[in-house]
Amino acid sequence: MLRFLTAGESHGPTLTAILEGMPAGVPIDLDGLQRQMRRRQLGYGRGPRMQFEVDAVELLAGIRRGKTLASPIALAIRNKDASIDRLPVVTQPRPGHADLTGAMKYDHRDIRNVLERASARETAARVAVGALCKQLLSPLGIELASHVVALGSVRATSSTVTVAQLRAKADPTPLRCLDPQATKQMMREIDACVKAGDTLGGVFEVLIEGVPPGLGSYVHYDRRLDAILGRAILSIHAVKAVEVGDGVLAASLRGSKVQDEIFYAKGKGFYRSSNRSGGFEGGMTTGQPIVVRGFLKPLSTLRKPLRSVEIRTKRPVVATVERSDVTTVPAAGVIGEAMIAFELAKAILEKFGGDSLRELKRNYQNYLHQISRF
Ligand code: EPS
């Protein structure tokens, strides 16, 4: 079974992760891993922290001469800002953050003990884990990309895209968005929020190509892979809703306008002319591209803070102002890719097994051959 743990506080010395269950013999490209880390730091509207943190990943165990050993992989990302022991006590909880409930639950009188771990900085470790998982998926022909489809009230015009297009055209733009007109409006909206001391949410979309039919299962609720991906996306900080395919629109349409009709052609096999399901039927992948969206609420650290209550005196105050971002939607897409890469790698190892990449590939090819003859 593939599993991972992360540890580390936002301003502690190090973020760290252990990924266990990777087969042996997977080539690991450290530069590729580092590029994924950099992608998480980009995006107009990020705070000052992203300018000085390097998020360099040190691989400490489980890899030798550029290949996985099958032993647990340990990695570390050292924080440049490691001021945790010098930072002031926090007693004015921010509405929307983990502050108040976290302090009550763990009996902390200093909210810093909560916010340091609740911070989205933890996602740097997840992106490193996801980057390793992508390097397992890539030799199987599975590729992921993401883009921003809405920021605040501005929506990008939608069109069908491919992973290659997203990588070439979305990543180099300031907000990882394909629509240049919408990007300009989004940037104006961010500028207005900077002035107003406010924050913005939005929507990212993750696209996955090359997934075979039949990952996940309809036989039991906890084996439905769309549900597993939904949980993975909801676990990302500030995400409040998830959509698979045209899920939200589908709820308002008739069935005849929603289902993807089935066709067959010699040589091509079974196919659909649409992908409204987002690549899932009955909790299983259909073999079409997977399309998952994450909806973020605006970040809860506001430079113009909201009303709150001091936890010791119980007097009305305004919430603490921590250094933060105006929006993190472009980064959240990269984190979404990482979480989905992990869950897909896990689902693949569960279905196909294999202690080495060679064995996994052989099992995988066998299955692809079997379904090609269905
Ligand atoms: C983040 C680092 C943090 C924030 C952000 C994400 O840095 P700092 O708090 O030192 O400025 O920029 O964290 C949050 C949005 C949050 O709510 O905690 C990062 O590395 O992604």
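Of the 9 residues of strand β7, 8 are buried, so β7 is largely enclosed by the rest of the structure. Buried here means under 20% relative accessible area. The model is a predicted one, and β7 is a convenient place to start reading it.

Strand β7 covers residues 143–151 and is joined by 8 bridges to β9, residues 202–209, with the two strands running antiparallel. Two residue pairs can be used to trace this pairing on screen. Ala145 has Leu207 of β9 as its bridge partner, and Ala150 stands opposite Val203 of β9.

Strand β7 also pairs with β8, again in the antiparallel sense, over 2 bridges. Here Leu151 of β7 stands opposite Val154 of β8. The two strands form a hairpin with 2 residues between them, and Gly152 in the turn has a positive phi of about 55°.

These pairings belong to a wider arrangement. In general, the strands of a sheet pair through backbone hydrogen bonds, either parallel or antiparallel. In this case the sheet is open, has 5 strands in the order β8-β7-β9-β15-β10, and its pairing is antiparallel. Its edge strands are β8 (154–155) and β10 (239–244), each of which pairs on one side only.

The view can now be widened to the whole protein. It contains 11 helices and 17 strands. The radius of gyration is 22 Å, close to the 21 Å that the globule rule gives for 374 residues, so the protein is as compact as a globular protein of that length. Along the principal axes, the C-alpha trace spans about 70 × 50 × 40 Å. Of the 374 residues, 47% count as buried.

The remaining topic is the ligand. The residues around the ligand are His11, Arg40, Arg46, Arg49, Met50, His97, Ser119, Ala120, Arg121, Arg323, Ser324 and Asp325. By residue class, this shell divides into 2 nonpolar, 4 polar and 6 charged.

Three arginines of the shell place a polar side-chain atom beside an oxygen atom of the ligand, within the 3.5 Å cut-off for a polar contact. The distance is 2.7 Å for Arg40, 2.8 Å for Arg49 and 2.6 Å for Arg323. Taken alone, the ligand exposes 470 Å², and the protein buries 92% of that area.

Conventions:
Residues are numbered from 1 along each chain as its sequence is written. This is a predicted model: local features need pLDDT of at least 70, side-chain atom pairs count only at pLDDT 80 or more; totals for chains, interfaces and linings use all residues. Side-chain values use heavy atoms; hydrogens and water are left out. A residue is near a molecule or strand if one of its heavy atoms lies within 4 Å of it. A polar contact is a pair of N or O atoms within 3.5 Å; within protein, one must be able to donate a hydrogen and the other to accept it, and residues adjacent in sequence count only if both atoms are side-chain atoms. Accessible areas come from the Shrake-Rupley method with a 1.4 Å probe; for residues, only the protein chains shown count as cover. Ala, Val, Leu, Ile, Met, Phe, Trp, Tyr, Cys and Pro count as nonpolar, Asp, Glu, Lys and Arg as charged, and the others, Gly among them, as polar. Two strands pair if DSSP finds at least two bridges between them. Helices (H or I, at least four residues) and strands (E, at least two) are DSSP runs, numbered from the N terminus. The radius of gyration is taken over C-alpha atoms; the globule rule is 2.2 Å times the number of residues to the power 0.38. Buried means under 20% relative accessible area, exposed over 50%, partly exposed in between (1.4 Å probe, protein chains only).
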